[in-house]
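Please open the structure in a viewer and keep the sequence panel at hand. The tour below proceeds by selection, with a short account of what is found at each stop.

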Amino acid sequence: MTSLGNWLDERVGWRQVWETIFLRKVPKINWFYALGSASLFLALNQGITGILLTIYYVPTPDHAYDSVQFITTQLPAGWLIRGLHHWGASAMVIVVVLHMIRVILYGAYKYPREVTWFTGVLLLLIVVGFGFTGYLLPWDQKAFWATTVGTLIAGTPPWIGDWVLRVIRGGQDLSAITLARFFGVHVWVLPAALSILIAVHLYLVVKIGISAIPKRERKDNEREG
Amino acid sequence: MSDENEITRRDFMGVSILVMGSVIGLGFLIPAIAYIIGPALQRKESQEWIRLGSTSKVETGVPTLFKVKIEEQTGWIVNEEELSVYVLTDNGRDYIAMTNICSHLGCRVRWIADENKFFCPCHNAIFDERGLVVSGPPPKPLFRYNVKVEEDQLFIKEG
């Protein structure tokens, strides 16, 4: 095993990468620092279960609802896969927001970590976008009316509101076009954006290192030091 | 490891992460496999007798084509499918019912009356009137259904 590792290391240099990512030095931290990893884990969960759902799900008005029912009631572990995706989505929003609150309260967004913060803000918006587009896909009453309301809210800004509404819906009404484009955004556009931004976000976390927990009574410490 | 009998904190954490990661990984993998292969495990061989039509339509010694509509459920979709069955009798009492699906690669065969043979357009397979292979690539004769006759009506069954 080690010889195989050595053989591979000589050719691809994975050990240095491994050490840089997983054996890097971190300050003494607490469990709140696990919220970022928890977000990553949930993102992986959403990716795996989401890919599995697309194997059976069909994003058209005449098949969407039935295919979701088929997944939930007919397929082995279908209820589990859909359940993980459904509850994982809610957990994702909650954990990502908690992660952001931790970063705010610890002041971890400050120099030199501003760009990490910016990408984090974009990631939060993408997660919300996932939630909004994914909500329509089961094509049940709740999905239909929630998206009716949501897109109308998007249509409220003056001047451009009506245009925004029409672009999001793909026309004046909620239709097959809306369902198809929400699906396309949900499984292609947003995952691509999420992957790229997570890569940048994690690169910066590894490159800069994470911030320590801010200390109280800094002045006392400084006097002692 | 610093000492041979001592497990360091680092080793313990490493093994713990490996074990937990494997458990979570299997937790995804096993349901995923079941979910993907699920529909493949359902054999949908219909066990019901399908009524083809009257025996009076069957000419003696010539495969006669019957077409019958059946309802089939695939996934969440119920659709009507047409089954084409060739029926042959030599004496008006014993019947053979053959599928028109070629035993080679699933194309549809056609009875050519002039040649007195079944002909498959895909790879030039030829079967005789009883569905036995005359020439071409098919590995076995045309599939035969179980047949029964009740009050001059022909019924077939897959299994």
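A residue is called buried under 20% relative accessible area, exposed over 50%, and partly exposed in between, with a 1.4 Å probe and protein chains only. This is a predicted model, in which local features need pLDDT of at least 70 and side-chain atom pairs count only at pLDDT 80 or more, whereas totals for chains, interfaces and linings use all residues. Residues are numbered from 1 along each chain as its sequence is written, chains are lettered from A and ligands numbered from 1 in the order in which they are written, and side-chain values use heavy atoms, with hydrogens and water left out.

**Stop 1: B:Leu26**

Select B:Leu26, which is found in helix α1 of chain B, residues 9–37. Helices (H or I, at least four residues) and strands (E, at least two) are DSSP runs, numbered from the N terminus. With a relative accessible area of 48%, B:Leu26 is partly exposed. Add B:Pro138 to the selection: 112 residues separate it from B:Leu26 along the chain, and the two C-alpha atoms are separated by 43 Å.

**Stop 2: the contact between the chains**

Next, display chain A and chain B together. Contact here means heavy atoms within 4.5 Å. Chain B contributes 13 residues to the contact and chain A 22 residues. The buried area, that is, the accessible area (1.4 Å probe) that two parts lose on being put together, summed over both, is about 1,400 Å² between these chains, and carbon and sulfur atoms give 80% of it. On the chain B side, select B:Phe28, B:Tyr35 and B:Trp76; these lose the most area to chain A, together 58% of what that side buries.

Which residues does A:Phe41 touch, not counting residues up to four places away in sequence? Select A:Phe41 in helix α3 of chain A, residues 35–54, and its contacts of this kind prove to be B:Ile24 and B:Phe28. A:Phe41 is partly exposed, at a relative accessible area of 38%. Its C-alpha lies 9.9 Å from that of A:Gly88, although 47 residues separate the two in sequence.

**Stop 3: the second largest pocket**

Move to A:Gln46, A:His85, A:Ala89, A:Phe130 and A:His186, which lie nearest the centre of the second largest pocket, among its 38 lining residues. On a 1 Å grid over the protein atoms alone, a pocket is an open set of points where a 1.4 Å probe fits, with protein on both sides within 12 Å along at least five of seven lines; lining residues have an atom within 4 Å of a point. The volume of this pocket is about 1,300 Å³, a volume being the space filled by probe spheres set on the points, with grid points joined across faces, edges and corners.

Colour the helices of chain A in turn: α3, α4 (64–73), α5 (78–105), α6 (114–136), α7 (141–154) and α9 (176–208) each supply at least two residues of the lining. Helix α3(A) gives the most, with ten residues.

**Stop 4: A:Arg102 and A:Pro112**

Select A:Arg102 in helix α5 of chain A. This residue is buried, with a relative accessible area of 10%. Leaving aside residues up to four places away in sequence, A:Arg102 touches A:Phe32, A:Tyr33, A:Leu35, A:Ala108 and A:Ser211. Continue to A:Pro112, in the loop between α5 and α6 of chain A. A cis peptide bond joins A:Tyr111 to A:Pro112, with omega about 0 degrees.

**Stop 5: the cysteines of chain B**

How many disulfides does a search of the whole structure find over all chains? There is one, a disulfide being a pair of cysteine sulfur atoms within 2.5 Å. Select B:Cys107 and B:Cys122, whose sulfur atoms are 2.0 Å apart. The torsion about their S-S bond is about -95 degrees, so the disulfide is left-handed. B:Cys107 lies in the loop between β4 (95–99) and β5 (110–112) of chain B, and B:Cys122 in the loop between β6 (117–120) and β7 (125–127), so the pair ties together parts that are 15 residues apart in sequence.

Now select B:Cys102, which is in no disulfide; the nearest cysteine sulfur, that of B:Cys120, is 3.8 Å away. B:Cys102 is buried at 5% relative accessibility, and B:Cys120 is buried at 2%.

**Stop 6: two positive phi values**

Finally, select B:Asn124 in the loop between β6 and β7 of chain B; its phi is near 55 degrees, a positive value in a residue other than glycine. B:Glu151, in the loop between β9 (144–150) and β10 (153–157) of chain B, has a positive phi of about 50 degrees although it is not a glycine. B:Glu151 counts as exposed, at 78% relative accessibility.
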